[in-house]
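Reader: Hi! I'm new to this one and would love a friendly walk through it. Could you put it up so we can look together?

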Amino acid sequence: MALPAADIRIADRVVPSETLFGYAGAFQLTLSTALPDEGVQLHSSYLGHESAEHSSASHLLIAPGSRPHLWAVEHDPADLPVMYARRHCLLDHLAVLADELRRRTDAEVLVDVASQALEQIDHA
């Protein structure tokens, strides 16, 4: 399913994007954001349970001029409650995307998430 697009700016230039999400049960969420004009894609998968030692986020970045990059990050389940507040996963995903864009472009990157996207992902 598609979410309302985030407002993404690289060095004051608006960058079109599309974010899709899907899930396979209450404890898993996958987010994919594509920036077609930049040739950049970020795919993130979140797994977590409030009683587990940690929540896990795995990210795959695909961008021109470099090999696909895959990495995983452990989070405190209270900070990244996959089942009860999926908006935290969306915010984390877009923050990772912004960090990667800053690293790749060496420019200021701003990401503004639509409130409708936060509501939609929490109630999906």
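Reader: Thanks! At what angle do helix α1 and helix α2 pack?

Author: Happy to help, and please keep in mind that this is a predicted model. Helix α1 covers residues 87-105 and helix α2 covers residues 115-122. They pack at an angle of about 130°, and their axes are 8 Å apart. That angle makes α1 oblique to α2.

Reader: Which residues of α1 and α2 meet there?

Author: From α1 you have Arg87, Leu90 and Leu91. In α2 they meet Ala117, Leu118, Glu119, Ile121 and Asp122. By class, this contact has 5 nonpolar and 3 charged residues, with no polar ones.

Reader: Nice. On to the strands: what is the order in the sheet of 6 strands?

Author: The order is β1-β4-β5-β6-β7-β8, the pairing is antiparallel, and the sheet is open. At its edges sit β1 (2-3) and β8 (69-75), each of which pairs on one side only.

Reader: How many bridges join β4 to β5?

Author: There are 5 bridges between strand β4 (residues 18-22) and strand β5 (residues 28-35), and the two run antiparallel. For a spot to find on screen, look at leucine 20, which stands opposite serine 32 in β5.

Reader: And what about β7 and β8, how many bridges do they have?

Author: Those two pair in the antiparallel sense over 7 bridges. Serine 58 stands opposite alanine 72 in β8. β7 and β8 also form a hairpin, with 6 residues between them. Glycine 65, in the turn, has a positive phi of about 85°.

Reader: Where does α1 lie relative to those strands?

Author: Helix α1 lies across β1, β4, β5, β6 (40-47), β7 (55-62) and β8. Against β5, α1 runs at about 35°.

Reader: Which strands form the sheet of 3?

Author: That open sheet has the order β3-β2-β9, again with antiparallel pairing. Its edge strands are β3 (13-15) and β9 (109-112), and each pairs on one side only. On average, neighbouring strands of this sheet are turned by 25° against each other, direction ignored.

Reader: How many bridges join β2 to β9?

Author: Strand β2 (residues 7-10) is joined to β9 by 4 bridges, and the two run antiparallel. Isoleucine 10 has valine 109 in β9 as its bridge partner. Helix α1 turns up here too: α1 lies across β2 and β9, running at about 160° to β9.

Reader: Changing topic to rings: how many aromatic pairs does the count come to?

Author: The count comes to 0 aromatic pairs.

Reader: Then what lies over the face of tyrosine 23?

Author: That would be arginine 86, at 4.9 Å from the ring centre.

Reader: Great, thanks for the tour!

Conventions
Residues numbered from 1 in each chain as written. Predicted model: local features only at pLDDT ≥ 70, side-chain atom pairs only at ≥ 80, totals over all residues. Heavy atoms only, no water. Axes fitted to C-alpha atoms, helices over the stretch in contact; angles between N-to-C directions. Parallel < 35°, antiparallel > 145°, perpendicular 65-115°, else oblique. Contact = heavy atoms within 4.5 Å. Nonpolar A, V, L, I, M, F, W, Y, C, P; charged D, E, K, R; others polar. Pairing = 2+ DSSP bridges. Phe/Tyr/Trp six-rings, centres within 6.5 Å; stacked < 30°, edge-to-face > 60°. Lys NZ or Arg CZ within 6 Å of the ring centre and 35° of its normal.
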